[in-house]
Every structure is written in C-alpha cells, then in structure tokens.
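Grab a viewer and work through these exercises one at a time. Try each task yourself before you read the solution below it.

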Amino acid sequence: MQFNSEKANVVVIGGGIFGCAIAYYYSRNNPGKKIVVLERNELCNAATSRAAALITKIRAKKYFIPLSLETYRVIPEMEKMLGESLDIKKVGVMHVAASEPRVSDLKELMAIAEVFNQPATYLSNTAAHKKAPWLKTEEALCIGFMPEEAYCDPYLLGTFFARCAKLQGADLRQGVEVTDVLMDNNTAVGVNTTGGKIYADVVIIAAGAWSPIFAKQAGVDLPMAPTRSQYWITERADIFPLNSPIVLLPDAQAYARPEGGSLLFGIREKKSFSVSPKNIPADVSHFSFSGDKGMNDLQEVIDRLARFFPTIYDVGLKYYVAGFSGYTPDNNLSMGAAPGVHNLLLATGCVGAGISVSGGIGLAFAEMAAGNANPYDFSHFDIERFGKIDAFSEAWLNKCAEARSKKLSG
Ligand SMILES: Cc1cc2nc3c(=O)[nH]c(=O)nc-3n(C[C@H](O)[C@H](O)[C@H](O)COP(=O)(O)OP(=O)(O)OC[C@H]3O[C@@H](n4cnc5c(N)ncnc54)[C@H](O)[C@@H]3O)c2cc1C
C-alpha cells in the first residue's frame, strides 16, 4: 500500500486496544479532523487479544479508578452505535483475605468502593464457597464482594473501539509497519512506514511491547519493559459455574474467573520474565513464551494456590496463554507527553491493566492530541519519575520483572 507524504492531524503507531480507543474518542470529539492508526498485523493481535480481561474498577491505587469507570461508561455507548452487545460478564469480584495484612488491605478497598459509590459487601465463608464451589474458604479471614465488577472478551472490546472509530471517520490501516518516528530537531513531525511517510501535528506511540524502540528514536528512554503475563484454563467441571464471580487471592498472588464452564487462573511466578523489545518478533505469536506451557513456573508456586483451590492437583489444564504487557518498577502506567520532545505522546506501560483502563486512556490521549487538558490525574505515570534509565539494559528489564513477581492483585 503506497500513500507517499500524506498529512494527518494525528498519527498513532499501533492498533491494540489503546490505539483503537484513542481513535474512537478523537474521531468522536473532533469531527472533520484526520486520525490515522497504523497496525502492522491485524488490529488487537498482540497483548489485547491475549488478556484475561478483568475490567477491575476498585483498586488500592485510586487514580486508576476514573480511567476504568470510563471503560464501563463507554461500552453501552458503543453497543448502541453498533446495535450489538459486547456481552460483558458482570459477575462481580470476591476479594479473599487470609492474613492480617491482606484483611487490612481489603478493609481499605471496601472503603474506596464506598467513596466511588460502588456496591461492596462482606460475605460469609459459606456464602463465598456457594458462589465459587471450587474455592476453599476455610482459611479466609475476610471476604469482600463487589457485584458490579466484570470481565469481557478483550478482542471484542478493542475491535468495538475500532469499528466505532471507523464509523466516525477514523482511518485504521492494517498491514502497515511503522519503521521510524520522523523528527525535526526535538519535534515529532510524523512517521515513516512501509507504505511511505505520513506527516502529522501529533504522533502517538501506542505500540505496546515495542514502544521503547520508537521512544528511543525520539531520544526518550521509556520506563517500561515487556514482561510476560501467563494464565491457564482448566478442563470443564461442575465446580466452575458459568456465572461465578472473579476471585482475587492476594495471599496466593493469584486470580481466577469463569471461562465457559472452565476456570481461567493466573498466578505470579517466583521469577517473572522480561525481554528487550528488540528481541520480540513483529508477530508475537512467533515468540516462544515457555517451552513447557508455564508448567515449571506453576509447579514452583502451586502450593500457594492449592491452599484455596485444592482440586488444582486433579483438574486437567486445557489451555495456556501468554503475552507481553509493559511493566514498570512501581506498577504504575508510564504515559503522557514525551519529555523534551514536542508533539509526541506516549500511550505506553500498561502494567497488565490496559483492558480495564482503555476507556480513560483513549479519552485522555484524544484530549491531549487535540490540544486540550488531560481530564485525568497522570502525575503517578510521569515518564521521568525513575530518573535516567537505560530501557534496554538487563538491570532495567530485571527491575520491571521483579515488580510483576511482587504484584498481589489481579
Ligand atoms: C496474558 C495477559 C493477561 C492480561 N490480563 C489483563 C486483564 O485481566 N485486565 C487488563 O486490564 N489487562 C490485562 N492484560 C493487559 C492488556 O492486555 C494490555 O494492557 C493491553 O492489551 C495493552 O494494549 P496496547 O494497545 O498497549 O498493546 P497491544 O495490544 O500489544 O497493541 C500494540 C500494537 O502495536 C502494534 N505495533 C507494534 N509495532 C508496530 C509497528 N512498528 N508498526 C505498526 N504497528 C506496530 C502491534 O502489532 C500491536 O497490535 C493482560 C495481558 C496479557 C498478556
């Protein structure tokens, strides 16, 4: 495809959920302006389609919450536009605390839910077991239930953003690879692609795991590292009812949710795995995430999980899914304006929460790209908060991997 030397108002590198969401809000709020999203494979092929897709609203990090609330708000808006249901699964989430520190975290979370007007109640261990028959609740000290939390099909959510964006006039192109960010001194002026150059007033990097490569071209060491997330899906069994809640087990550093009569579960590995963005193939399905489908990692921590899910030893595992999210040492997103560079925005460093926050991120970047104020507080996501780093060094990659191993929540 050739489109030599075009001009757009905004050009976005990457057609994952962030790129598609930005295109949706920008085209909705700026009719007549031209936004082009460039995706080298198919839309939402990389991290987005692999997500477990918990759309967590209530978190200890309160500044994530407005971003996720926007995701919940926009879904019916897009369903109406397309005349189709996204079939979001509002099954609620159970937080199970089995140690004093986690009980105190849960109490804080319940208070946060109240501040954000989200329903939250405590459940007895028996009631919790009834909702999730696979869950052994004997050791739980406290269980909180938030009935409005949900999960979804992440590919469908990403492509809903894309389809609605197209209806509003956004230009989303597949099979077009961006090779360079075009710079004029310290100003981003467009991108070079396999189809020619596109000049733009604003360039947005939303290239997921590959984002540090483009940031570096503009002189920015992006503070994130592609870090593997992995989960497993069991065989079907009666103990995994279709509509049972999502379960978060911070004492086991694990989460689970129903998946069509099976259980989908993830657990933090003892040692998480980060890799240089330069070593990830353009089609991530060609990357070997684990020779043994994560079985060694799972074996190392299975006792942690078996405390709450004893049948894990007996139930068969049907699927293994892995992908890269952009992790950071403090588990905060890394995004905003590129420091020291004009007209370059970074929608990056998703810390495994990109599906949840996609609505807010889409709106924030659409507003910033249009020259308006960011409606959200991004102060915790500042690109320069770690000082000078080398985003491709072993030391940095290990630091980001460690942050994932220590993560307690889902
Ligand atoms: C196993 C797993 C489980 C997860 N579970 C959850 C969860 O439960 N809840 C949640 O909220 N999040 C979850 N996530 C995280 C979520 O998937 C990501 O945060 C989100 O998908 C990030 O979207 P993105 O658009 O930034 O990246 P991506 O979806 O990776 O999109 C980036 C795109 O950029 C394209 N690209 C890269 N380089 C170029 C180039 N040179 N030219 C053109 N295009 C390019 C890529 O092809 C890709 O399509 C999970 C992730 C994984 C891997």
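**Exercise 1: a strand and its neighbours**

Strand β12 (residues 225–234) pairs with β15 in the antiparallel sense, over two bridges. This is a predicted model, where local features need pLDDT of at least 70, side-chain atom pairs count only at pLDDT 80 or more, and totals for chains, interfaces and linings use all residues. Residues are numbered from 1 along each chain as its sequence is written, and side-chain values use heavy atoms, with hydrogens and water left out.

Task: find the strands that pair with β15, then work out whether β15 is buried or exposed.

Solution.
- Step 1. Helices (DSSP runs of H or I, at least four residues) and strands (runs of E, at least two) are numbered from the N terminus, and two strands pair if DSSP finds at least two bridges between them.
- Step 2. On the β12 side, I233 stands opposite L264 of β15.
- Step 3. Strand β14 (residues 254–259) also pairs with β15 in the antiparallel sense, here over six bridges. R257 has L264 as its bridge partner in β15.
- Step 4. The hairpin of β14 and β15 has two residues between the strands, and G260 takes a positive phi near 55° there.
- Step 5. Now the burial (buried is under 20% relative accessible area, exposed over 50%, partly exposed in between, with a 1.4 Å probe and protein chains only). S262, L264 and G266 are buried on one side, and L263, F265 and I267 are buried on the other.
- Step 6. Six of the six residues of β15 (residues 262–267) are buried, so the strand is largely enclosed by the rest of the structure.

**Exercise 2: the cores**

Task: locate the largest nonpolar core and say where it lies relative to the two domains.

Solution.
- Step 1. A nonpolar core is a set of buried Ala, Val, Leu, Ile, Met, Phe, Trp, Tyr and Cys residues joined through side-chain atoms within 4.5 Å.
- Step 2. The largest one has 67 residues, and W134 and L249 have the most contacts inside it. Helix α8 (residues 295–306) gives the most to this core, five residues.
- Step 3. Domain 1 (6–71 + 154–223 + 329–388) and domain 2 (91–149 + 226–327) both give residues to this core, so it lies between them. Domain bounds come from an automatic or database domain assignment.
- Step 4. Leaving out residues up to four places away in sequence, L249 touches V96, W134, L135, A254, L305 and F308 (contact means heavy atoms within 4.5 Å).
- Step 5. Another core lies apart from it, with 58 residues, including A53, Y72, V357 and F381.

**Exercise 3: the domain interface**

Task: how much area do domain 1 and domain 2 bury between them, and which three residues of domain 1 supply the most?

Solution.
- Step 1. The C-alpha centres of the two domains lie 28 Å apart.
- Step 2. Count contacts: 27 residues of domain 1 touch 31 residues of domain 2.
- Step 3. The two domains bury about 2400 Å² between them, 66% of it on carbon and sulfur atoms. Buried area is the accessible area (1.4 Å probe) that two parts lose on being put together, summed over both.
- Step 4. R50, L54 and I58 supply 29% of the area that domain 1 buries against domain 2, more than any other three residues.
- Step 5. Zero salt bridges turn up across the interface, using a side-chain nitrogen of Lys or Arg within 4 Å of a carboxyl oxygen of Asp or Glu as the rule.
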